[in-house]
Amino acid sequence: MNLMETMTTFGHEKVLFVNNEKAGLKAIIAVHNTNLGPAIGGCRLFPYASYDDALFDVLRLSRGMSHKNAVAGLPHGGGKGVIIADPSQKTEAMFEAFAEAVEGLG
């Protein structure tokens, strides 16, 4: 199944792939659903074995956030981000670049 088919099947609105070599950032940000309001969620930093593994995880996690927010009665949809890196290699520049990517989603 290709990415667009997967997004359609699981109800995702947006998937953003981020590559900022200067900051050492490789990340994927997924917005599952904004029907109840702006998407909220968190970020996972993990050394995924492959980009496919990272993509599967961010899609699963963002969908879960939509459901958690709805069950909690929050006026928010679900979103999530994954940073593909070894946690021991994290830097301030990496997180700043990630924050800029999230901010760019509006």
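Is Thr 6 buried or exposed? In this predicted model, Thr 6 counts as buried, because its relative accessibility is 15% and the limit for burial is under 20%. Thr 6 belongs to helix 1, which spans residues 3-10. Its C-alpha atom lies 12 Å from that of Val 58, a residue 52 places away in sequence.

Both ends of helix 1 show a local feature. At its start, a side-chain oxygen of Asn 2 comes within 3.0 Å of the backbone nitrogen of Met 4. Just after the helix, Gly 11 adopts a positive phi of about 80°.

The chain then enters a pair of strands. Strand 1, residues 14-20, and strand 2, residues 25-33, are antiparallel and are joined by 7 bridges. Within this pairing, Asn 19 faces Lys 26 of strand 2. The hairpin formed by these strands has 4 residues between them, and Gly 24 in this hairpin has a positive phi near 75°.

A second pairing has the opposite sense. Strand 4, residues 43-46, runs parallel to strand 5, residues 77-84, and 4 bridges connect them. One of the bridge partnerships links Cys 43 to Gly 81 in strand 5. Helix 2, residues 51-71, takes part with strand 4 and strand 5 in a β-α-β unit, which is right-handed.

Aromatic contacts can be considered next. The model contains 1 aromatic pair. The pair consists of Phe 46 and Tyr 48, with 5.0 Å between the ring centres and 65° between the planes, an edge-to-face arrangement. How does the accessibility of the two partners compare with the cut-offs? Tyr 48 counts as buried because its relative accessibility is 12%, whereas Phe 46 is partly exposed, with a relative accessible area of 42%.

Tyr 48 also leads to the interior, since it is one of the 12 residues of the largest nonpolar core. The other members of this core include Met 7, Val 15, Ile 28, Val 58 and Val 82. Strand 2, helix 2 and strand 5 are the elements that each give two or more residues to the core, and helix 2 supplies the largest share, 5 residues. In soluble globular proteins, nonpolar side chains tend to be buried together.

Val 15 illustrates the packing within this core. Leaving aside neighbours within four places in sequence, Val 15 is in contact with Met 7, Ile 28, Ile 29, Ala 30, Leu 55 and Leu 59. Apart from this core lies another, of 11 residues, among them Val 18, Ala 23, Met 94 and Ala 97.

What does Ala 101 touch, not counting residues up to four places away in sequence? Its contacts are Leu 16, Val 18 and Ile 29. Ala 101 is placed in helix 3, residues 92-104. With a relative accessibility of 14%, Ala 101 counts as buried, because the limit is under 20%. The C-alpha atoms of Ala 101 and Asn 19 are separated by 9.8 Å, although their positions lie 82 residues apart along the chain in the sense of sequence separation. Asn 19 is the residue that stands opposite Lys 26 in strand 2.

Key: Residues numbered from 1 in each chain as written. Predicted model: local features only at pLDDT ≥ 70, side-chain atom pairs only at ≥ 80, totals over all residues. Heavy atoms only, no water. Polar contact = N/O pair within 3.5 Å; in protein donor to acceptor, adjacent residues only side chain to side chain. Buried < 20%, exposed > 50% of the residue type's maximum accessible area, 1.4 Å probe, protein only. Contact = heavy atoms within 4.5 Å. Pairing = 2+ DSSP bridges. Right-handed = clockwise from strand over helix to strand, strands pointing away. Phe/Tyr/Trp six-rings, centres within 6.5 Å; stacked < 30°, edge-to-face > 60°. Core = buried A, V, L, I, M, F, W, Y, C linked by side-chain atoms within 4.5 Å.
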